[in-house]
Protein chains: 2
Amino acid sequence: MDANIYKLTEIIDNDIKNKNLSEKEKLKLANDIKKLLPQKSIAVAQINPTSGDVKGNAKKALEWIKWANLLEVDAIVFPEMYMIGYPIGDFIDRFPIVVEENIEWLKVLATKTKKTKVIIGFVEFNKSKTGKKYFNSVAILANGKIEKIIRKTLLPNYAEFNDYRHFEPDFVNSESHILNIGNKKIGLVVCEDGWNDFDFFDKNLYKLDPVQKIVEEQHPDYIINCSASITRAKKEQLKHNMLSFAAKKHKTPIVYVNQVGSGECLSFEGASRVYDENGELTYMAKSYEEQFFIINVNDKEGKIYPLPNGLEKTLKEQKAFSLDHEPDLERTYLTIIQSIRDYFAKTGFKRAVLGLSGGLDSTVSAVLLADALGAENVFGISMPSKITSSESKNDAKQLAQNLSINFTEISIKDMYDTTREKFDNVFSSVENKWDCRYKESFTNDNIQARSRAMILWGIANEFGSCLPIATSDKSELYMGYATINGDMSGGFAPLADVSKTKLFALAKWLNKNRIQKDAIPVSIIEKRPGAELAINPKTGKPLLAEEALMPYEFLDEIIWRVENLQQTICDMEDAEFLYEKHLKTQGKVLSKEQKQEWLTKFFRRMSTALYKWMIMPPSPIVDARSINKSEYKQPIISSKINYKKTSIEEKLAELE
Amino acid sequence: MDANIYKLTEIIDNDIKNKNLSEKEKLKLANDIKKLLPQKSIAVAQINPTSGDVKGNAKKALEWIKWANLLEVDAIVFPEMYMIGYPIGDFIDRFPIVVEENIEWLKVLATKTKKTKVIIGFVEFNKSKTGKKYFNSVAILANGKIEKIIRKTLLPNYAEFNDYRHFEPDFVNSESHILNIGNKKIGLVVCEDGWNDFDFFDKNLYKLDPVQKIVEEQHPDYIINCSASITRAKKEQLKHNMLSFAAKKHKTPIVYVNQVGSGECLSFEGASRVYDENGELTYMAKSYEEQFFIINVNDKEGKIYPLPNGLEKTLKEQKAFSLDHEPDLERTYLTIIQSIRDYFAKTGFKRAVLGLSGGLDSTVSAVLLADALGAENVFGISMPSKITSSESKNDAKQLAQNLSINFTEISIKDMYDTTREKFDNVFSSVENKWDCRYKESFTNDNIQARSRAMILWGIANEFGSCLPIATSDKSELYMGYATINGDMSGGFAPLADVSKTKLFALAKWLNKNRIQKDAIPVSIIEKRPGAELAINPKTGKPLLAEEALMPYEFLDEIIWRVENLQQTICDMEDAEFLYEKHLKTQGKVLSKEQKQEWLTKFFRRMSTALYKWMIMPPSPIVDARSINKSEYKQPIISSKINYKKTSIEEKLAELE
């Protein structure tokens with residue numbers, strides 16, 4: 001198709017967003033584009049709905065439907081569950097009114113349709129006597145009415161997906177998935193329906209492959225898949241390979257329409273696309289942006305907007321642990337930025353306040369917040385205690401200056417002293433009744449983190465539309481190395497699914513790739529992390545995190561092995577870690593005892609960190625697997641799991 | 001059967017718990033009982049497993065299996081998933097080692113079996129090429145080996161249940177559910193398999209009723225149902241009616257074996273039982289206690305241990321809102337006590353510290369903690385600020401004395417003053433950059449709640465095995481009337497599913513029904529609730545909660561209508577509330593405007609409280625429906641849901 005179409009549709013996109021065209025100007029623009037459009041073109045509505053905001057979603061859809069009508073494309077396709085706004089949690093269970101309203105709004109939208117078909121995801125009531133209350137459905141609207149409804153067949157119920165909690169699976173027959181667009185016969189499926197190819201996967205979750213069934217029995221001209229599929233590390237590779245494989249195998253083009261935008265913890269990257277009957281990618285919409293994207297399924301030379309690094313790079317890479325995080329950093333950046341922006345927008349907040357310690361976590365958080373919300377909407381507060389070094393204070397200040405975010409410094413020394421004195425009093429009372437007083441420094445150390453959080457929440461209470469930010473990272477959350485009501489407390493936690501080694505890489509990447517280069521002072525990236533809450537008695541300097549935990553390089557590989565390979569302590573004892581390889585190149589060896597000690601420490605600390613995971617604020621899922629509550633839940637009481645296999649003999653001995 | 005059997009089995013129960021019998025004494029006891037036992041008796045192992053503690057669960061099972069062997073009963077039946085310990089969250093997904101180990105331990109247990117069959121729930125790998133990774137299965141062990149495996153057919157996936165996340169449903173045929181015990185033919189099903197009777201329910205979740213299929217095709221002598229089914233308000237009524245109905249309809253006795261004990265948020269009440277072929281209840285084990293309970297399915301006059309009030313009373317009651325909470329208070333009490341006790345025991349904690357404000361929430365919490373953990377393990381801290389009245393201070397002190405819990409008083413005035421000064425400084429810096437400063441009192445009010453939490457967490461950090469307690473109640477959590485990092489922060493929240501009107505009733509009930517009468521000072525029960533964080537400018541006295549919110553009587557009925565009837569604002573406008581009826585009896589009327597204002601306020605406040613629900617600590621589910629995270633999740637970003645229906649005309653007008 002003509003490249004000008006894309007220029008013009010980009011104008012539409014921008015103008016829809018800014019709503020500054022008069023009706024007359026719209027009509028003129030539409031006529032300009034229409035001349036360039038081939039017959040049989042359809043529009044992909046790659047847009048960002050808000051959970052539960054049925055009215056808002058419907059109104060937004062209508063803007064796009066009007067354009068589709070003006071352009072007289074054959075159809076406009078919206079993502080899965082668009083009307084109600086994915087993700088839904090459980091609200092349709094407790095508030096059926098939202099479902100009633102999504103149907104009423106669907107009817108209203110239908111009245112606005114003409115010849116152009118509107119294909120749009122919604123939630124439908126299941127009126128039969130058996131089964132779940134709802135169907136996950138797609139409506140086809142045209143000529144003023146609802147012409148047909150097609151239902152999702154395969155209902156994912158793992159990780160972040162909970163479809164089977166609410167929806168009844170439905171596959172009446174292959175014909176029920178057929179609709180006509182122009183003079184073409186289309187097979188329509190919903191998201192997971194396209195993810196069960198028996199030749200592509202070694203193991204399948206479901207017994208039916210709806211795509212295969214539809215193709216074999218109905219011979220459609222092409223398949224449309226309406227999706228809401230989230231971005232994760234290395235997932236694009238799988239998705240691309242699978243869709244391409246299926247198109248080629250079935251000699252049938254596939255139009256894949258994906259949601260864009262972030263819903264609390266889940267991020268959708270868009271990148272809607274077309275594969276031709278040879279499995280070749282012929283069209284691809286933008287990533288991480290709303291787009292009104294025009295396609296012609298039979299055209300082999302459509303527009304392919306590039307994927308950002310991390311999506312693109314994974315196309316060629318195998319699943320393996322690597323400390324080379326570089327290939328995934330652009331995707332990571334875009335995912336977090338979109339998450340912050342949408343979380344704030346969808347909850348009605350616009351400003352963020354965070355503590356700036358001069359350390360890596362708060363530094364990277366500040367950069368991401370500035371990029372997502374605008375520097376003027378970010379306030380960094382340096383809150384030194386007596387342990388805080390002057391380097392840290394300077395780094396924090398310098399960072400704020402570089403980013404042009406708002407900044408102030410305020411000592412917490414007096415808060416610490418007052419609380420400390422209070423503790424001394426109250427502890428001596430408690431000590432009269434209870435034994436087992438630790439007199440460890442961490443009780444006092446935590447005063448610092450909690451005093452800081454008190455100030456941040458105070459600012460958020462006092463100033464409109466402001467959220468405090470929790471800066472904890474993934475590596476430290478696994479170790480429980482985060483203070484309850486302290487650094488892990490906040491309205492949003494942008495880094496909770498980013499490991500420490502990746503954070504270092506991200507910091508360097510930000511310095512190199514943002515328009516403003518080197519915003520992060522090099523000293524922040526070069527210093528070894530530490531919470532600066534306590535002094536290490538051995539060194540007389542602030543305790544470093546790796547002294548309290550273990551080398552981050554080793555820690556992050558354990559996390560990766562747990563999440564991606566489901567390995568036990570025994571498996572990891574036998575495996576060679578990158579950390580060990582690196583030691584070798586320096587002529588050193590990691591002793592078996594040290595390795596065992598770290599592995600045991602990891603699982604021991606993880607078991608006691610489960611509580612902290614449960615009370616973490618919302619945070620974006622970024623990695624291939626996470627400990628985000630919306631994906632993974634482990635009961636706090638499961639702290640007695642033994643992560644080390646024992647033999648039958650050992651078991652029998654236990655019983656004696 | 002002879003009543004002495006039950007006396008003797010109670011001795012077994014107690015001695016197993018205390019482990020103080022020699023082998024010789026055990027043998028003698030067993031022989032005494034054996035003489036009294038009829039042929040064809042079986043034992044129900046109503047016990048309390050720990051999630052993921054496969055070794056601990058296996059060792060505990062073995063003690064009971066040994067008794068069953070000694071007594072030569074025909075079989076001993078354990079609950080669903082006993083080996084792995086329900087609930088599991090998602091840990092079997094990330095840590096398959098736990099499943100491997102539960103199978104290895106099952107093999108070890110099998111080596112200890114003799115003629116007596118052991119029927120025990122476990123998790124099985126699904127080795128086929130399609131489907132979920134696991135089955136929810138029951139093993140039949142005997143004569144040293146695993147004789148048979150029977151799989152769960154219906155997989156609940158609503159509210160607190162997530163079976164379908166991990167398990168593949170399986171129903172090969174009705175014969176696969178048959179086993180022999182003595183000369184009897186038994187049909188075995190797992191929990192939900194027994195909850196899909198087409199004649200009992202108006203609407204069914206699944207298309208198959210396994211019990212019906214098994215009975216019709218196999219004609220078993222009786223059905224065994226291995227369950228892990230939680231207690232909720234009014235659920236016993238449904239369960240009893242359904243099991244009785246099915247036994248009568250199929251003319252087949254049903255043996256229902258339920259787990260006891262609490263797993264984090266879920267509480268199992270035990271009360272395992274037998275219904276005869278006429279649907280009559282013939283046996284019932286204890287509630288809220290482990291029990292080795294001997295039954296003879298053909299005996300019509302078995303032992304029926306009484307249900308506590310709340311379980312028993314609901315047998316006769318219909319589902320309706322009532323401010324008469326009395327019938328459910330004993331069950332509520334036992335559920336929370338068991339939850340606290342098990343949460344502490346299973347996580348390795350033993351002591352609790354809480355703030356005592358002299359208000360209702362902290363008062364009832366203190367009583368429940370003292371009963372669950374022992375008074376010596378509870379520390380109440382009175383932390384008055386300048387707003388705290390001397391009555392409140394006295395009430396707190398009096399309560400602690402009455403309960404014999406540990407107590408101290410410490411003023412937070414200096415912490416407040418120091419933080420307040422800090423706030424003044426930092427706010428004036430922020431104000432230079434940001435507009436929209438509220439200068440509302442609640443910013444300062446929150447300092448009090450947060451300073452108190454700082455002290456409680458400090459004590460928990462400093463003293464071994466100690467958890468701080470969050471005292472928020474259900475009514476206030478719905479309203480977001482709880483301070484982040486303040487009163488809603490803690491290691492456990494015993495009252496988070498108890499509404500305020502029920503709390504008042506519970507306080508009175510405790511004064512009447514505990515061994516120690518009137519432990520709660522009457523003044524605490526009689527005063528109207530208020531957080532004592534702020535002064536009401538209109539009255540010059542501390543702001544009352546009902547002034548800030550709405551009458552609790554009205555509020556609690558909205559909550560009940562939302563949770564149990566899924567009502568909208570419009571439905572509630574049309575309904576007559578108990579509060580309105582009560583006003584009427586006083587010759588007063590609730591104005592339409594006032595009612596609308598409260599309804600609107602409820603949903604507005606609820607929408608902004610969603611974040612607080614997400615970061616709440618673990619708490620027991622008590623009510624028929626809850627906002628406990630393990631049951632109900634609503635995205636924080638769904639704050640734009642409109643809980644009021646609009647007409648098509650209004651919708652069309654929106655689009656103009």
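## Strands 2 and 3 and their sheet

In this predicted model, strand 2 (residues 75-77) and strand 3 (residues 117-125) of chain A run parallel and are joined by three bridges. Within that pairing, Val77(A) has Ile119(A) of strand 3 as its bridge partner. Two helices of chain A lie on these strands. Helix 3 (residues 54-71) crosses strand 1 (42-46), strand 2, strand 3 and strand 14, at about 150° to strand 2 of chain A. Helix 5 (residues 96-111) of chain A also packs on the sheet, where it touches strand 3, strand 4 (134-142) and strand 5. The direction of helix 5 makes about 160° with that of strand 3 of chain A.

The sheet itself is open and has six strands, in the order 5-4-3-2-1-14 (chain A), with mixed pairing. Its edges are strand 5 (145-151) and strand 14 (291-295) of chain A; each has a single partner strand, so one side of each is left without a neighbour in the sheet. From one strand to the next, the twist averages 30°.

## The four-stranded sheet

Chain A also has an open sheet of four strands in the order 17-16-15-18, and here the pairing is parallel. Strand 17 (406-409) and strand 18 (466-468) of chain A are the edge strands, pairing on one side only. On average, neighbouring strands of this sheet are turned by 20° against each other, with direction ignored.

Strand 15 (residues 351-355) of chain A pairs with strand 18 of chain A in the parallel sense, over three bridges. In strand 18 of chain A, Leu467(A) stands opposite Ala352(A). Helix 10 (residues 360-373) of chain A lies across strand 15 and strand 16 (378-382) of the chain, and runs at about 170° to strand 15 of chain A.

## Division into domains

Chain A is divided into domain 1 (3-315) and domain 2 (326-638). Taken over C-alpha atoms, the centres of the two domains of chain A are separated by 38 Å.

The contact between them involves 21 residues of domain 1 of chain A and 23 residues of domain 2 of chain A. On the domain 1 side, strand 10 (260-263) and strand 11 (266-269) of chain A each supply at least two residues. By class, the residues on that side of domain 1 of chain A are eight nonpolar, eight polar and five charged.

## Relation between the two chains

Chain A is superposed on chain B by a rotation of 180° with 0.0 Å of shift along its axis, at an RMSD of 0.0 Å. The two copies are thus related as by a two-fold rotation axis. The C-alpha of Ile615(A) is the nearest to the axis in chain A, at 2.1 Å from it.

## The interface between chains A and B

How many residues does each chain put into the contact? Chain A contributes 108 residues and chain B contributes 108 residues. Helix 13 (residues 441-462) of chain A gives the most to the side of chain A that touches chain B, with 12 residues. That side of chain A comprises 48 nonpolar, 33 polar and 27 charged residues.

Of the interface residues of chain A, 100% are also interface residues in chain B, so the copies meet through the same surface.

Definitions and conventions: Residues numbered from 1 in each chain as written. Chains lettered and ligands numbered in written order. Predicted model: local features only at pLDDT ≥ 70, side-chain atom pairs only at ≥ 80, totals over all residues. Pairing = 2+ DSSP bridges. Axes fitted to C-alpha atoms, helices over the stretch in contact; angles between N-to-C directions. Contact = placed C-beta atoms within 7 Å. Least-squares fit on C-alpha atoms with pLDDT ≥ 70 in both. Nonpolar A, V, L, I, M, F, W, Y, C, P; charged D, E, K, R; others polar. Domains from an automatic or database assignment.
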